[in-house]
Amino acid sequence: TRRRPRGCPRNRAAAAASFTPSALAALLREHAPLHAGESHVTGPRNSLSSNELIRLAAAADERGDLISAADLHLDLLELTGDSDTYTKSATERLQKLYPMGDASRVSRNHSDTFRTAVEQSVAAGKAEVLSASPPVYLLHDVLSATEVADLRGVVARRRDLWGASHPLVCFQHDAFTGHPGLTHAFDWMRGRPGAGGRGCFAQAASRATYAHVPWSESLFVYRGQEALFDGISRRVQEMSGLHDTHAYSWQALTYEAGRDGGYADHTDCEHAADLLGRGERMATLLVYLTDDFDGGETEFPKLGLKVKPPVGSALLFYNFGPGWGGRAC
């Protein structure tokens, strides 16, 4: 898992009025002036040299610890900026943890498998249909109250492991990634700034702006890190018909009450995507661990559907169409 939680601001009207690229640039000029070429990354991993990280990664590979090896290669990517080398090396290790080869996915994970399994769950009273087209389901009692409490404890414990350095503030909105006053605040950028790119501020800039931006926090838990998550993955496989070996890692999301603008409207697949493309998200599962708040619904704007499932239940929806046989995002 990554060593720093990353806030993911979303530019929504519900966010604070002062949260604009220009206002953020002014804040940085006052509190964290940055100059081209400066590095403010001071986390525990990045305080190590690249040679030391390479040695640790090799040792993880030798003992067969794919999780640590992938994590270290991602740290090398952040430290060196060598995307050609370390994006490939990290991806190779993650693909061993999460095999998503085209031939295997087509033979084991397909829409008919999914449809058959959820229809059986609906017939058994374990799920209900919220939308037939596109398919959206509410799965009942996926987790017990005890499991919910235990999961929240795991998330809190793993968040503490991340607390050695300040959370990074990250953006994937063109107005922020392309603003000239924010250019030198970014520690890294994937893609083209202002044209679909995404990136994270360096730690000095993150510390200066963290309290002023609406955010959501993402914490990743990979296969084999937590037995509780692994057990739930197997349960979801039984309920959905979708093989866990083709799933992404679990992602624990936290939204800041009162200030978070939430996620902007989006799809969980790319608009130009084909279902059979490598790494495409056939379906999404959201498990709910809290409900003691106002608002915060999961909304499907084009369906006119807002859902606030009870704790322990889950939303499951198909990301492609039209219909079950559709292959377009």
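**Arg281 and its partners**

I looked up Arg281 first: at 39% relative accessibility it counts as partly exposed. I am working from a predicted model. Arg281 forms a salt bridge with Asp268, and the closest N and O atoms are 4.0 Å apart. Both residues sit in the loop between β8 (250–255) and β9 (283–287), 13 residues apart. I noted Asp268 as buried, with a relative accessible area of 18%. The cut-off for buried is under 20%, so Asp268 at 18% falls on the buried side. Arg281 also lies over the face of Tyr248, at 5.4 Å from the ring centre.

**Other salt bridges**

How many salt bridges does the count come to? I get seven.

I checked Arg157 next. Arg157 forms a salt bridge with Glu226, with 2.9 Å between the closest N and O atoms. Arg157 lies in helix α7 (residues 145–161), while Glu226 is in the loop between β7 (216–221) and α10 (227–240), so the pair ties together parts that are 69 residues apart in sequence. Is Glu226 buried or exposed? I have Glu226 as buried, at 8% relative accessibility. Arg157 is partly exposed, with a relative accessible area of 40%. I also found that a network of salt bridges links Arg157, Arg158 and Glu226.

Then I turned to Arg63, whose side chain meets that of Asp65 in a salt bridge, 3.5 Å from N to O. Arg63 is exposed, with a relative accessible area of 54%. Asp65 is partly exposed, at 22%. The limit for exposed is over 50%, so Arg63 at 54% passes it.

**Aromatic pairs**

I find seven aromatic pairs in the structure. I took down Phe186 and Phe201, an edge-to-face pair with 4.9 Å centre to centre and 75° between the planes. Phe186 is in strand β5 (residues 186–190) and Phe201 in strand β6 (residues 198–201), so this pair ties together parts that are 15 residues apart in sequence. Phe186 and Phe201 are both buried.

I took down Phe300 and Phe317 as well: edge-to-face, 5.2 Å centre to centre, 85° between the planes. Phe300 belongs to strand β10 (residues 298–300) and Phe317 to strand β12 (residues 314–318), and the pair links these distant parts of the chain, 17 residues apart. I have Phe300 and Phe317 both as buried.

Which residues do ring pairs link into a cluster? I list Phe171, Phe176, Phe186 and Phe201.

**Nonpolar cores**

The largest nonpolar core has 27 residues, and I noted Phe114, Leu139 and Tyr318 as those with the most contacts inside it. Which elements each supply at least two residues of this core? My list is α6 (111–123), β3 (136–139), α7, β7, α10 and β12.

I looked up the contacts of Phe114, leaving aside its neighbours within four places in sequence. Phe114 is in contact with Ser240, Leu242, Ala283, Leu316, Phe317, Tyr318 and Trp324. Phe317 thus appears in two of my entries, here as a contact of Phe114 and above as the ring paired with Phe300.

Apart from the largest core lies another, of 15 residues, and among them are Phe19, Phe171, Leu182 and Phe186. I had already met Phe171 and Phe186 in the cluster of ring pairs.

Note on methods. Residues are numbered from 1 along each chain as its sequence is written. This is a predicted model: local features need pLDDT of at least 70, side-chain atom pairs count only at pLDDT 80 or more; totals for chains, interfaces and linings use all residues. Side-chain values use heavy atoms; hydrogens and water are left out. Buried means under 20% relative accessible area, exposed over 50%, partly exposed in between (1.4 Å probe, protein chains only). Helices (H or I, at least four residues) and strands (E, at least two) are DSSP runs, numbered from the N terminus. Rings of Phe, Tyr and Trp (its six-membered ring) pair if their centres lie within 6.5 Å; planes under 30 degrees apart count as stacked, over 60 as edge-to-face and the rest as tilted. A charge sits over a ring if NZ of Lys or CZ of Arg is within 6 Å of the ring centre and within 35 degrees of the ring normal. A nonpolar core is a set of buried Ala, Val, Leu, Ile, Met, Phe, Trp, Tyr and Cys residues joined through side-chain atoms within 4.5 Å. Contact means heavy atoms within 4.5 Å.
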